[in-house]
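Me: Could you take one part of this model and go through it closely, then follow its contacts outward into the rest of the chain? I work at the bench, so please give the cut-off behind each term as you use it.

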Amino acid sequence: MEQGAFDGVRVVELAQWVFVPVAGALLSDWGADVIRIERLDGDPYRGLATQGIGTDRGGPNLSVALANRGKRSVAVDLRDAAGRTVLDELLATADVLLTSLRPGALARLGLDQQTLRERYPRLIYARGNGFGVRGPDADQPGYDSSAFWSRGGLAYLLTPGERDYPISQRGAMGDRNGAVALAFGIASALLKRTRTGVGSVVDVSLLGIALSTLSSDLLVALNGTAPEPTGGRGPQVNPLTATYRTSDGRHIQLMFLQGDRYWGEFCRLIDRPELITDERFADLAARRTHSAACIAELDAEFARRGFADWKQLLSKLDAPWAPVQSMAEIVTDPQVVANGYVGEVELEDGRTYRFPRVPVQFDEQPPELRRAPEHGEHTESVLLELGYDWDRITALKSAGVVP
């Protein structure tokens, strides 16, 4: 394996579920030694059954494996003084503490940022949480469906007005977006430390990620107009940035933001040259004024051909458009395959499973995908690295501090 961007960086991860562990996985992809600290009974995410990819799969828990690929796992009871000693000794060797614990829990464990920064001034202290570390709800538990999707405004804005209940988000959308931001923050802090010699505190919240995701709508709200959900196809100001239904019930998204640049060629492609000289559609302003008429013409055209035919026809047009694809189609999309966006993990017993890769590549190459650790798999080897002998390890086992 070629040298990774984070080779030589040690991350101690004290986190559960998806958001913060995925940030650790991103760092691990590029070479960081990420050591997960798990409870004696394990991360509760290990027990989640969902969509046939969790404990309900009958094989490796892919949800856990994706969030923890390439890491090492140490199981230890941090409520025991000897267990806390293990963590302190690990932190003394670490570049980053990555945690999802809430401020109150960190303070109770003596892991608040003031204490640790005084003890380890070069340590980067990275926190991922639901609602931020200040304010009345800083200690409120938050998952992405609550902190990101619901409180953050996405459920409200993306639910069509005709529905009685908000639509649900897809799995871990906020978590994975937040993880990218948290990994970026850690990378920035590592760069800053090379210049200053001092660690930083990095914070990312799911609520903050929601505001960032909805920046365009937030700008509208900040300027006095409250954005509202849209029904049906939404406002069709530019008919050339709309979604159209094909004869077989599928959809094509046109995104001709520079409509005047593409209109003529598009009309010739669909064998409707008379639309070019139609005064109602002569330019962007005219098409906006006569939007309903233009959309009616295009609706009729798209209804004449099937999804596959439209894809083949539009492939001849050098303009921004896309088929509205299912996940099954995305997996075999030639662009996904050509760019290695999905990779394969091979287990020791020869079994394999496929993962989406980190959406960042260095030198046109994605990172190698590695399996996730079993619960506590590396407890003994990490303790040995810290200088423990087998008598001390046996004593910790006998005391129930480690499994």
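Reply: **Helix α8 and what surrounds it**

Helix α8 covers residues 173–196, and at 1.5 Å a residue its 24 residues should span 34 Å, which agrees with the 35 Å between its end C-alpha atoms; the expected span is 1.5 Å times one less than the number of residues. Helices (H or I, at least four residues) and strands (E, at least two) are DSSP runs, numbered from the N terminus. The model is a predicted one, in which local features need pLDDT of at least 70 and side-chain atom pairs count only at pLDDT 80 or more, whereas totals for chains, interfaces and linings use all residues. Residues are numbered from 1 along each chain as its sequence is written, and side-chain values use heavy atoms, with hydrogens and water left out.

Among the buried residues of α8 are Gly-178, Ala-179, Leu-182, Ile-186 and Arg-193, where buried means under 20% relative accessible area, exposed over 50%, and partly exposed in between (1.4 Å probe, protein chains only). The buried residues of α8 pack against α1, β4, β5, α6, β6 and α9, contact meaning heavy atoms within 4.5 Å. Just after the helix, Gly-197 takes a positive phi of about 80°.

Leu-182 shows this packing in detail: leaving aside its neighbours within four places in sequence, Leu-182 is in contact with residues including Phe-19, Val-20, Leu-98, Ala-126 and Val-204. Leu-182 and Ile-186 also belong, with Val-11, Val-96 and Leu-98, to the residues that have the most contacts inside the largest nonpolar core, which has 42 residues. Such a core is a set of buried Ala, Val, Leu, Ile, Met, Phe, Trp, Tyr and Cys residues joined through side-chain atoms within 4.5 Å. Apart from it lies another core, of 26 residues, among them Ile-37, Leu-78, Tyr-125 and Val-382.

From α1, one of the elements that α8 packs against, the path leads on to charged pairs. A salt bridge (a side-chain nitrogen of Lys or Arg within 4 Å of a carboxyl oxygen of Asp or Glu) is formed by Arg-69 with Asp-29, the closest N and O atoms being 2.7 Å apart. Because Arg-69 lies in the loop between α2 and β3 while Asp-29 is in helix α1, the pair ties together parts that are 40 residues apart in sequence. Both Arg-69 and Asp-29 are buried.

Arg-72 forms a further salt bridge, with Glu-385, and here too the closest N and O atoms are 2.7 Å apart. Arg-72 lies in strand β3 and Glu-385 in helix α18, so this pair ties together parts that are 313 residues apart in sequence. Arg-72, at 15% relative accessibility, counts as buried, whereas Glu-385, at 46%, counts as partly exposed.

Elsewhere in the chain, the side chains of Arg-272 and Glu-297 meet in a salt bridge (3.3 Å, N to O). Since Arg-272 lies in the loop between α11 and α12 and Glu-297 in helix α14, the pair ties together parts that are 25 residues apart in sequence. Arg-272 is buried, with a relative accessible area of 15%, and Glu-297, at 22% relative accessibility, counts as partly exposed. Salt bridges that share partners join Arg-272 and Glu-297 into one network with residues including Asp-278, Arg-280 and Arg-304.
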